[in-house]
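Trainee: I'm new to this one and keep tripping over the labels people put on it. Could you walk me through where they come from?

Mentor: Sure, let's pull it up and go label by label.

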Amino acid sequence: LDHDREILDRMNMKYDDFDRRQLAERLGTGYYSRAIFNPGSVLINPAEVVRALFTTLGPNVHIFEKTPVMQIAGSETNPVVILLNGKKVRCRAAIVTTGPFLQELGLSDHRFCPIISYGALSRQLSAEEMEDFRGIEPWGVTAANSAGTTVRFTKDNRLFVRNGLLYGTYYTCSPEQIRHSQKLLRKAFDNRFPDHSHVNFEYVWGGMIHLTMNSKPVFGRRGNVFFAGVGEGAGIAKVYTMGHFLAEWANGIESEELSYMQNDEKPSWLPPEPICTLGATVRLIYEGFNAQGEV
């Protein structure tokens, strides 16, 4: 947190440094001893943002969901997008933003380190259970250690926890892994809300975080195929920035910022399997050990 304060000071950003008592009053849990709060920050659901943006697009834009892409074929000047059902979309240019799946589409070599993490959302709290959160506004807490637990108190009176790190060798997680994840999720929940340990999880799932070893993004072009993928799990802020400059690049718009993106340091190369999975697993175990107090 001291490191975060130094960064915020250099940026002239306002923040509050809360102690245990202040946090208990704001969060409804006495688990946390200290936190940095950024006034003006907003919690959003990225999926909702994307869906809302769809409604603002012009009539010349068509949105297709549940349309898996299996291959980017054709020539670099006339790409062809091949769908799961065998249908083909021919185009003059394609922008591909599929994270680690860029490797599966042949647009990036072994650069991504896909990490699987798990989330659980409780049922809605009853009126009696909400007494412990009387006067408390919805909030979100991100652990100071990247391997720690993310926690949310939502506006519809639910509690959310996210933790657990597993190297995603096959870019997915099995039902068995999701079931196994509940032990750590339950521990984090009960540690923070011991008076609500009886509250069950209504939803449990796993998802992928896109990382590279040096946190640098993939940002490139092959003919008329433009592609990008974030490298440090920063979410919508980094995705928006990269999408903006991909669009400029595809439209021939030059800028100093685009030039920086094109010439920035590239993601570190990863060793082949099974060395990569073995090394990543050991590293994640180490990170998890160091983050025990925040899990």
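Trainee: Which residue in strand 4 is the bridge partner of Ile72?

Mentor: That's Val81. Keep in mind that this is a predicted model.

Trainee: What makes strand 3 and strand 4 a pair?

Mentor: Two strands pair if there are at least two bridges between them. Strand 3 (residues 69–74) and strand 4 (residues 79–83) have 5 bridges, in the antiparallel sense, so by the rule of at least two they count as paired. They also form a hairpin, with 4 residues between them.

Trainee: What does strand 4 pair with besides that, and over how many bridges?

Mentor: Strand 5, over 3 bridges, again antiparallel. Val81 turns up here too, standing opposite Val89 in strand 5. Put together, you get an open sheet of 3 strands in the order 3-4-5. Strand 3 and strand 5 (88–90) are the edge strands, as each pairs on one side only. From one strand to the next, the twist averages 25°.

Trainee: There's another sheet in here. What is its strand order?

Mentor: The order is 8-9-10-7-11: 5 strands, an open sheet, antiparallel pairing.

Trainee: Why are strand 8 and strand 11 called edges?

Mentor: Strand 8 (139–141) and strand 11 each have a single partner strand, so one side of each has no neighbour in the sheet. The average twist from strand to strand is 15°. Helix 8 packs on this sheet, touching strand 7 (115–122) and strand 10, and its direction makes about 135° with that of strand 10.

Trainee: How do you know that strand 8 and strand 9 pair?

Mentor: Count the bridges: 3 of them join the two strands, which run antiparallel. The cut-off is at least two, so the pairing holds. One of the matches is Val141 with Val151 in strand 9.

Trainee: Moving on to helices. Why is helix 6 called roughly perpendicular to helix 7?

Mentor: The axes of helix 6 (residues 236–250) and helix 7 (residues 256–263) come within 10 Å and cross at roughly 100°. Angles of 65 to 115 degrees count as roughly perpendicular, so helix 6 gets that label relative to helix 7.

Trainee: Which residues meet there?

Mentor: From helix 6 you have Met242, Phe245 and Trp249, and from helix 7 Glu257, Leu258, Met261 and Gln262. The contact between these helices divides into 5 nonpolar, 1 polar and 1 charged.

Trainee: Now the charges. What makes Asp2 and Arg34 a salt bridge?

Mentor: Their closest N and O atoms are 2.9 Å apart. The rule asks for within 4 Å, so the pair qualifies. It also links distant parts of the chain: Asp2 sits in helix 1 (residues 2–10) and Arg34 in strand 2 (residues 34–37), 32 residues apart.

Trainee: How many salt bridges does this rule give?

Mentor: The count comes to 15. Another of them joins Arg5 and Asp17, at 2.9 Å from N to O. Arg5 is in helix 1 and Asp17 in strand 1 (residues 16–19), 12 residues apart.

Trainee: Why is Asp264 called buried, while Lys216 is partly exposed?

Mentor: Those two form a salt bridge as well, with the closest N and O atoms 3.2 Å apart. Buried means under 20% relative accessible area. Asp264 has 18%, so it's buried, whereas Lys216 has 21%, so it counts as partly exposed. And back to the earlier pairs: salt bridges that share partners join Asp2, Arg5, Asp17 and Arg34 into one network.

Trainee: One last label. Why is Asn157 partly exposed?

Mentor: Its relative accessibility is 27%, and partly exposed lies in between under 20% for buried and over 50% for exposed. So Asn157 gets the middle label. You'll find Asn157 in the loop between strand 9 (150–153) and strand 10 (159–167).

Trainee: What does Asn157 touch, leaving out residues up to four places away in sequence?

Mentor: Arg123, Gln124, Leu125 and Met130. As for Glu129, 28 residues from Asn157 along the chain, the two C-alpha atoms are separated by 9.6 Å.

Methods: Residues are numbered from 1 along each chain as its sequence is written. This is a predicted model: local features need pLDDT of at least 70, side-chain atom pairs count only at pLDDT 80 or more; totals for chains, interfaces and linings use all residues. Side-chain values use heavy atoms; hydrogens and water are left out. Buried means under 20% relative accessible area, exposed over 50%, partly exposed in between (1.4 Å probe, protein chains only). Contact means heavy atoms within 4.5 Å. Axes are lines fitted to C-alpha atoms, for helices over the stretch in contact, and angles run from 0 to 180 degrees between N-to-C directions. Angles under 35 degrees count as roughly parallel, over 145 as roughly antiparallel, 65 to 115 as roughly perpendicular and the rest as oblique. Ala, Val, Leu, Ile, Met, Phe, Trp, Tyr, Cys and Pro count as nonpolar, Asp, Glu, Lys and Arg as charged, and the others, Gly among them, as polar. A salt bridge is a side-chain nitrogen of Lys or Arg within 4 Å of a carboxyl oxygen of Asp or Glu.
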